[in-house]
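Here are my notes for you, written as numbered points. Keep the viewer open and click along as you read.

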Amino acid sequence: MPAPISAALGCALALAAALPAPAQVTAIRAGRLVDPEAGTAATNQVILVEGGKFTAVGPDVAIPAGAVVIDLSDLTVLPGLVDAHNHLALTYKEVPEHNVYYLTYVLDGTPLRAIQAVSNGIQMLNAGFTIVRDMGNAGNYADVALRQAIEQGWVPGPTIINSGIIIGGMGGQFWPNPEMAADHRIVYPEYLDADTPDEIVKAVRQNALFGARVIKICVDCKPWGYTADEIRLVIREAAKAGLKVEGHVQTLDGARRAIEAGVWSIAHDVGLNEEMHRLMAQKGIFRAGTETPISLTGHTTPERYERTVAGLRNAWQLKVPLTFSTDADYWVPGKTRGEVAIAFLETWKAAGIPPADILRAMTINGYRVSETERTRGPIRPGFAADLIAVRGDPLQDVDVLRDVRFVLKNGIVFKRDGVMTPAPFFNGGPVNGWRTR
């Protein structure tokens with residue numbers, strides 16, 4: 001072969017070797033494919049995935065030669081679930097702290113809680129939750145570390161929408177003594193003290209700087225709480241960073257101020273009644289009610305559970321935007337964090353909410369409150385390739401969601417035939433790109 005031709009061929013081969021290999025195409029055969037927004041299911045669908053995204057969905061989609069085929073013909077495929085209020089970096093328990101979560105903050109440092117958050121995140125993904133809003137109580141930004149580790153491809157886990165440190169008046173949800181409050185010993189930095197306008201602005205900016213994806217405030221953790229104008233200040237400042245605001249609410253008056261100010265979502269249901277629900281429905285404010293089931297012994301009472309069920313049903317009847325949100329921050333012996341979260345279906349069923357509406361709360365409204373609905377959640381071409389599969393029909397029986405058989409996250413199989421297969425998610429470096437925020 002003449003030298004010039006040989007040299008050119010060598011250069012071409014070297015260039016080809018340097019180019020990235022074509023992305024592998026995965027084809028998923030779905031026996032049934034649920035559209036939670038429409039409340040319908042289509043049969044015998046083919047879903048194509050390439051480069052971590054859905055590229056085609058339909059009954060007549062051709063499967064390319066060489067594609068990896070995953071046969072879920074005997075299962076129902078649906079978008080991943082959302083827990084709109086969890087605390088992955090917090091697990092209080094009977095031993096040794098007698099379920100006193102304030103003591104957990106003292107006993108467990110941030111590095112340990114970050115590792116625990118990874119474990120809890122894996123457990124949530126195993127249960128089918130592909131998105132989790134992690135709403136504070138994560139020590140010194142363990143929630144940010146968790147989100148970054150998942151995004152960079154170091155560990156498996158849900159997409160994390162995290163709040164950073166909860167902002168509130170001095171002490172947050174605590175009633176600290178002077179040494180704790182003035183000298184910030186022992187139980188800080190669980191909350192950012194922000195009592196004046198300047199402190200409020202700085203606290204919001206600090207969370208945005210350190211990697212929050214939503215801002216959470218204690219609206220009324222103290223009798224004085226935040227005024228509607230102060231909450232508006234939080235909302236304005238958060239908006240500068242493109243962030244929404246969730247309000248932790250404990251009282252009727254606090255709920256009224258939060259609604260008047262226009263928060264994005266309200267956490268917990270203790271300060272909500274029919275009047276507040278009507279106002280929330282008018283303004284489109286999401287309800288992250290954290291409705292604890294009675295079966296989780298020690299975490300609610302029969303009287304409290306009865307009020308919880310009635311309140312949830314009232315909110316559904318008044319068409320408040322409902323999210324499936326658990327506040328699961330404790331260990332129940334014999335259950336993973338994901339099993340604790342999915343147990344909250346019990347309360348929704350007790351409230352008489354139809355399965356299709358429960359599923360919408362766990363998916364469509366979850367994507368909306370998380371602000372992922374244009375990029376991740378629905379099974380549509382161009383969206384991040386997250387999906388789960390179950391036996392049976394969740395539009396008729398939501399309890400089938402208690403046994404997720406298959407999980408796909410970012411186009412990578414995490415769980416197959418009911419068994420976790422997370423090896424491809426563990427990497428020695430940031431395979432998805434290094435990013436700190």
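1. Let's warm up with one residue: does Arg 304 count as buried, partly exposed or exposed, and at what relative accessibility? Arg 304 comes out as partly exposed, because its relative accessibility is 22% and the buried class is for values under 20%. You'll find Arg 304 in helix H10, which covers residues 302–317. For a sense of distance, look at Leu 272 too: its C-alpha atom is 13 Å from that of Arg 304, and the two are 32 residues apart along the chain. One thing to keep in mind throughout: this is a predicted model.

2. Now the sheet. Which strands make it up, and in what order? There are 8 strands in an open sheet, and they run E3-E2-E1-E4-E14-E15-E16-E17, with mixed pairing. Look at the two edges: strand E3 (53–58) and strand E17 (419–420) each have a single partner strand, so one side of each has no neighbour in the sheet. At the E17 edge, strand E16 (residues 412–416) is joined to E17 by 2 bridges, and these two strands run antiparallel. If you want a spot to zoom in on, Arg 416 stands opposite Val 419 in E17.

3. Next, the rings. A pair of aromatic rings is described by how far apart the centres are and by the angle of the planes. The structure has 13 aromatic pairs. One of them is Tyr 101 with Tyr 105, an edge-to-face pair with 6.0 Å from centre to centre and 80 degrees between the planes. Both of these tyrosines belong to helix H2 (residues 101–107), where they sit 4 residues apart, or about one turn of the helix. Tyr 105 is buried, because its relative accessible area is 6% and anything under 20% falls in that class.

4. Compare that with a pair whose partners come from distant parts of the chain. Trp 175 and Trp 224 are also edge-to-face, at 6.4 Å centre to centre and 75 degrees between the planes. Trp 175 is in the loop between strand E8 (166–168) and helix H5 (178–183), while Trp 224 is in the loop between strand E10 (215–218) and helix H7 (228–240), so that the pair links distant parts of the chain, 49 residues apart. Are these two tryptophans buried or exposed? Both Trp 175 and Trp 224 are exposed.

5. Trp 175 has another visitor: Lys 222 lies over the face of its ring, 4.7 Å from the ring centre. You can find a second case at Trp 264, where the charged end of Lys 244 sits over the ring, 4.7 Å from its centre.

6. Back to the tyrosines for a moment. Which residues do ring pairs link into a cluster? The cluster holds Tyr 92, Tyr 101, Tyr 102, Tyr 105, Phe 174, Tyr 191 and Tyr 330. Tyr 102 turns up again in a nonpolar patch on the surface, together with Val 100, Leu 103, Val 106 and Leu 107, and the patch has about 390 Å² of accessible area in total. Val 106 is part of helix H2, and it is partly exposed, with a relative accessible area of 43%.

7. Last topic: charges. Side chains of opposite charge can pair when their charged atoms come close. How many salt bridges does a search of the whole structure find? The search finds 22. One of the bridges joins Glu 97 and Lys 93, at 3.0 Å from N to O. Both ends are in the buried class: Glu 97 has 2% relative accessibility, and Lys 93 has 19%.

8. Here are two other bridges to look up. Asp 229 and Arg 232 meet at 2.6 Å, N to O; they are 3 residues apart in helix H7, which means about one helical turn separates them. Asp 229 is exposed, with a relative accessible area of 56%, whereas Arg 232 is partly exposed at 25%. Then there is Arg 402 with Asp 399, at 2.8 Å, N to O. Arg 402 is partly exposed at 42% relative accessibility, and Asp 399 is partly exposed at 24%.

9. To finish, try tracing a network: salt bridges link Glu 37, Arg 368 and Arg 380.

How values were computed
Residues are numbered from 1 along each chain as its sequence is written. This is a predicted model: local features need pLDDT of at least 70, side-chain atom pairs count only at pLDDT 80 or more; totals for chains, interfaces and linings use all residues. Side-chain values use heavy atoms; hydrogens and water are left out. Rings of Phe, Tyr and Trp (its six-membered ring) pair if their centres lie within 6.5 Å; planes under 30 degrees apart count as stacked, over 60 as edge-to-face and the rest as tilted. Buried means under 20% relative accessible area, exposed over 50%, partly exposed in between (1.4 Å probe, protein chains only). A charge sits over a ring if NZ of Lys or CZ of Arg is within 6 Å of the ring centre and within 35 degrees of the ring normal. Patches are made of residues with over 30% relative accessible area and no salt bridge: like charges are joined within 9 Å, nonpolar side chains (Val, Leu, Ile, Met, Phe, Trp, Tyr) within 5 Å. Accessible areas come from the Shrake-Rupley method with a 1.4 Å probe; for residues, only the protein chains shown count as cover. A salt bridge is a side-chain nitrogen of Lys or Arg within 4 Å of a carboxyl oxygen of Asp or Glu. Two strands pair if DSSP finds at least two bridges between them.
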